[in-house]
Structures are given as structure tokens and as C-alpha cells.
Amino acid sequence: MRKFEYLRPEDRARAVDLAANPDVKLLGGGTNLIDLMKIGVETPEFLVDTTRLGLDEIESRADGGLRIGASVRNTDVASDDRVRERFPVLSAAVLAGASGQLRNMATVGGNLLQRTRCAYFQDVTKACNKRKPGSGCPAQTGANRELAILGGSEHCIATHPSDMAVALRALDASVLIETEKGAETIPLADFYRLPGERPDIETNLPYGSLIVAIDIPAPRNGARSSYVKVRDRASFGFALASVAGVLRVADGRVAEVALALGGVAPLPWRARVAEAQLMGAPAEPDRFRAAIDAELEAAQPRPENAFKVTLARRIVVRVLNELAGATREGEAS
Ligand code: SF4
């Protein structure tokens with residue numbers, strides 16, 4: 001591991017000031033960044049610790065939503081009563097990620113910015129357009145079982161590893177940031193970039209940004225939500241495919257729906273095609289299947305990951321069936 005300097009600013013203004021240095025990496029819980037430094041993928045000269053900036057609170061918003069500070073630990077998000085009551089999909093998604101020890105350390109801001117676990121990205125002896133632009137993407141014809149079926153490009157088919165971000169995408173969350181120019185809010189819908197020709201640029205964060213908090217708007221009235229993740233082992237594994245679903249059924253028809261997929265794309269994938277088909281349709285399994293099939297028409301599976309198309313279809317139908325059933329029970333009670 002290369003030498004680096006550890007800095008711990010006492011206030012946000014100083015942290016923003018330091019963030020403008022290209023040799024700086026902002027440090028949250030360090031559960032991904034430190035690992036990447038150990039294997040030589042990240043080589044910052046300065047690590048700026050952002051965990052002492054007073055960004056570790058969860059606050060209720062006037063509209064019934066929540067503001068979650070960037071330094072709140074994942075465990076504290078998942079166990080917060082307000083999160084569990086208003087946004088069970090978020091609590092479930094966080095608990096589906098990593099291990100208890102890692103969740104105790106990992107922060108909300110760091111979770112959003114964690115890097116892909118593509119094996120080539122993490123091996124500095126291999127080519128990788130994300131790590132070294134223009135060097136190539138061996139995953140296209142190599143080991144791509146865990147990689148993307150939606151949203152990839154000939155330059156990169158890495159998946160985004162976060163579970164939390166998938167739930168936040170379904171909940172229409174926004175990211176609050178600060179830069180030298182002031183405060184700004186970026187909807188999560190605009191936060192991540194598809195790889196295109198520049199897989200090394202993963203977000204639309206302005207240069208020198210400090211993530212301050214996540215804003216989640218009030219829960220949709222009467223909607224149910226849940227998160228299902230499929231992975232190779234029962235815990236401590238990244239998603240092969242996951243879905244965050246939010247559904248409200250009224251008079252047997254879909255009145256509100258949000259679907260976000262994880263483990264299948266370079267970013268938390270909002271299934272807008274499926275949602276458009278579902279709105280106003282009968283809340284029936286056939287309609288659920290047809291909607292996700294329409295979404296997955298855009299899939300471009302590689303030889304090793306074609307199974308993800310079937311997997312994504314099945315977990316989306318399962319989640320929608322369960323949520324529709326729960327909604328009906330709620331109406332009856
Ligand atoms: Fe690198 Fe992306 Fe290709 Fe993986 S898929 S080798 S991260 S360019």
C-alpha cells in the first residue's frame with residue numbers, strides 16, 4: 001500500500017475545500033475505499049475523513065419523508081423505527097447488503113459511491129476501461145456471470161453493487177451535496193451515469209462534491225413496499241438480481257407502482273417501461289409478467305449471464321404478487 005496522509009476536518013467548509021484537490025479521496029466508513037487502496041486500484045495522496053462533520057442524524061421532513069445524513073451508518077438506517085415504518089423497502093435492502101460488521105462501519109454516502117466488484121476492475125494486472133480508460137474490457141467475452149444485462153456498453157458491463165441505492169431509486173430519493181459553489185440537490189435519477197464510452201465517470205457529481213444527506217419524500221399513501229435479492233449465498237454476497245418494489249392497488253388495479261432493479265445494470269435500474277405498462281392495469285400475475293417482459297426486451301445478456309433475464313423476471317413477478325396480496329389484505333382489514 002502506498003503512503004497517504006489522513007486528514008480529519010472539523011467542519012463542512014473545510015471538507016469541501018479539501019475535496020477540490022484531485023489527489024483527495026473522501027473517506028466514510030472505508031469499507032470499500034480502503035480495500036481498493038490495499039489492492040492498488042485507488043491511490044489517493046490524502047484521505048479526508050468525513051465522519052466527524054455532524055452528518056450522522058436521521059431527521060423527519062415536514063412532508064413525512066426523511067433526511068438521512070451522509071455519515072449515518074448502514075446499521076442505523078436499517079434499525080431506525082421511522083425507516084422501518086415508512087420505508088420498509090429501504091430497511092430490507094440495507095439489511096440484505098454485506099455483513100453485520102460491515103454495515104456497522106459503512107456510511108450512506110459511501111454506499112452510494114462504492115465501486116463495482118467486477119473482477120477485472122479489482123485486478124490491476126488486467127485491462128479495464130473503468131480503471132484505465134482505453135485499455136479494454138475483457139469482461140465482454142470473459143468472466144461476465146455477475147455483470148450487467150441492461151444499460152451496458154461495448155466499453156463496460158459492470159454492475160453497481162449497492163442494495164441501498166436500489167431501494168432509494170424506487171423511493172425517488174435525492175442526494176444533497178455541497179461544493180465550493182454552494183448546496184445542490186441531485187435526484188438519484190440523475191446521480192448515476194451509464195458507462196457509454198466513459199465507464200470511468202460513474203456519477204454526475206460536480207467536481208469537489210461533499211455528499212451531505214439523502215432526502216426521501218413522504219411514502220406513497222397506502223402503498224406497500226419490499227425488497228428481494230438473489231445471490232449466490234445466503235448472506236454477505238452481491239446481488240445477482242434484486243428488486244425494490246412499491247405498489248398500491250385500488251379496486252383491483254395498479255394505482256401506484258415503482259420498480260427498481262439491482263445487480264443487472266451499471267446503476268440502480270428504474271423499470272420505467274414495466275411501470276408504464278402496469279399503471280391502471282389489473283393487478284394480476286399475467287400483467288406483472290407482461291410488464292417485466294417488456295422491460296427486459298432491452299436486455300443484452302452475455303454468454304455467462306443470460307440466466308439473469310429469467311431471474312429478474314421471476315423476482316419482479318414475485319414481489320408484485322406479494323405486494324398486491326398485501327394490499328388486498330390491507331383493504332379487507
Ligand atoms: Fe472494467 Fe467495466 Fe469491463 Fe469490468 S466490465 S472489465 S469494470 S470496463
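**Notebook: a ligand and two sheets**

I started with the shell around the ligand: by class, ten of its residues are nonpolar, two are polar and one is charged. A reminder to myself before going on: this is a predicted model.

Next I looked up who sits there. There are 13 residues around the ligand. Which of them come nearest? I noted C118, C128, C137, C156 and I157.

Then I wanted to know where the ligand sits. I found the ligand in the largest cavity.

**The five-stranded sheet**

I moved on to the strands. Five of them make an open sheet, and I wrote down the order as 4-5-8-6-7, with antiparallel pairing. Which strands are at the edges? They are strand 4, residues 58-60, and strand 7, residues 182-187, and each of these pairs on one side only. I also checked the twist: on average, neighbouring strands in this sheet are turned by 25° against each other, if I ignore direction.

I then picked a helix to go with the sheet. Helix 1, residues 12-19, packs on it and touches both strand 6 and strand 8, the latter being residues 210-216. The direction of helix 1 makes about 115° with that of strand 8.

Back at the edge, I looked at how strand 7 is held to its neighbour. Strand 6 covers residues 174-179, runs antiparallel to strand 7 and is joined to it by six bridges. For one pair I went down to residues: L176 has T185 in strand 7 as its bridge partner.

**The four-stranded sheet**

There is an open sheet of four strands to note as well, in the order 9-10-11-12, and its pairing is antiparallel. Its edge strands are strand 9 (224-230) and strand 12 (269-270), each pairing on one side only.

How many bridges pair strand 11 with strand 12? I noted two, in the antiparallel sense, with strand 11 spanning residues 253-262. I looked up a residue pair here too: the bridge partner of A260 is R270, in strand 12.

My last stop was helix 5, residues 88-95. This helix 5 lies across strand 9 and strand 10, where strand 10 is residues 241-250. Against strand 9, helix 5 runs at about 15°.

Terms used. Residues numbered from 1 in each chain as written. Predicted model: local features only at pLDDT ≥ 70, side-chain atom pairs only at ≥ 80, totals over all residues. Heavy atoms only, no water. Near = heavy atom within 4 Å. 1 Å grid on protein atoms, 1.4 Å probe; cavity = no way out; pocket = protein on both sides within 12 Å on 5 of 7 lines; lining within 4 Å. Sits in = over half its atoms within 2 Å of the grid points. Nonpolar A, V, L, I, M, F, W, Y, C, P; charged D, E, K, R; others polar. Pairing = 2+ DSSP bridges. Axes fitted to C-alpha atoms, helices over the stretch in contact; angles between N-to-C directions. Contact = heavy atoms within 4.5 Å.
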